[in-house]
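Work through the exercises below with the sequence and the 3D structure at hand. Try each task before reading its solution.

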Amino acid sequence: MVPSEDWSWRIDAACGGGKRSVFFSPDGERGAARARREARARRICQACPVLAACRDYALAAAEPFGTWGGMTEADRRRHAQLMRRQQRRLRSAADSR
Ligand code: SF4
């Protein structure tokens with residue numbers, strides 16, 4: 001999927017106003033500190049009016065870093081793996097017809 005060029009949804013983002021550091025991992029962050037920061041970011045995303053547009057953008061762009069649309073980097077990697085697996089199954093089913 002190709003990400004949209006339209007970034008107008010960002011105007012209504014709940015993560016503006018100095019909250020950006022909650023959404024991206026500082027150097028060396030690991031374990032419980034990372035989990036706490038990501039949980040905080042997810043809570044902000046859940047109340048964000050543009051969550052769907054943000055998540056769709058991040059998935060289409062394969063954003064490698066940060067929490068977008070309530071999904072962490074790990075969430076997006078898992079989602080991409082599931083989509084690839086599903087596409088392989090669909091191709092395989094189509095080939096066997
Ligand atoms: S969904 Fe989360 S990351 Fe996306 S714009 Fe809203 S608050 Fe920011």
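**Exercise 1.** Which residues in H3 are buried?

Solution. The model is a predicted one. Begin with the extent of the helix: H3 covers residues 73-95, which makes 23 residues. Next, apply the cut-off, since buried means under 20% relative accessible area. In H3, the residues Glu73, Asp75 and Arg76 are buried. For Glu73 the relative accessibility is 13%, and for Asp75 the relative accessible area is 14%. The cover over the buried residues of H3 includes helix H1 (31-46) and helix H2 (51-61).

**Exercise 2.** What distance does helix H3 reach from its first C-alpha to its last, and what is expected at 1.5 Å a residue?

Solution. From first C-alpha to last, helix H3 reaches 33 Å. The expected value at 1.5 Å a residue is 33 Å, and the helix comes close to it.

**Exercise 3.** Which residue forms a salt bridge with Asp75, and how far apart are the closest N and O atoms?

Solution. The principle is that side chains of opposite charge can pair when their charged atoms come close. The partner of Asp75 is Arg78, and their closest N and O atoms are 2.7 Å apart. Now place the pair along the chain: Asp75 and Arg78 are three residues apart in helix H3, so about one helical turn separates them. Then compare exposure: Asp75 is buried, whereas Arg78 is partly exposed, with a relative accessible area of 46%.

**Exercise 4.** Which residues do shared salt-bridge partners join into one network with Arg34?

Solution. Take the salt bridges of Arg34 in turn.

- Step 1: Arg34 forms a salt bridge with Glu38, with 3.3 Å between the closest N and O atoms. The two are four residues apart in helix H1, and therefore about one helical turn lies between them.
- Step 2: Arg34 also forms a salt bridge with Glu73, where the closest N and O atoms are 2.8 Å apart. This pair links distant parts of the chain, with Arg34 in helix H1 and Glu73 in helix H3, 39 residues apart.
- Step 3: Check exposure. Glu38 is buried at a relative accessible area of 13%, and Arg34 is partly exposed at 22% relative accessibility.
- Step 4: Combine the pairs. Salt bridges with shared partners join Arg34, Glu38 and Glu73 into one network.

**Exercise 5.** How many salt bridges does the count come to?

Solution. A pair counts when a side-chain nitrogen of Lys or Arg is within 4 Å of a carboxyl oxygen of Asp or Glu. By this rule there are six salt bridges, including the one between Asp75 and Arg78.

Terms used
Residues numbered from 1 in each chain as written. Predicted model: local features only at pLDDT ≥ 70, side-chain atom pairs only at ≥ 80, totals over all residues. Heavy atoms only, no water. Expected span 1.5 Å × (residues − 1). Buried < 20%, exposed > 50% of the residue type's maximum accessible area, 1.4 Å probe, protein only. Contact = heavy atoms within 4.5 Å.
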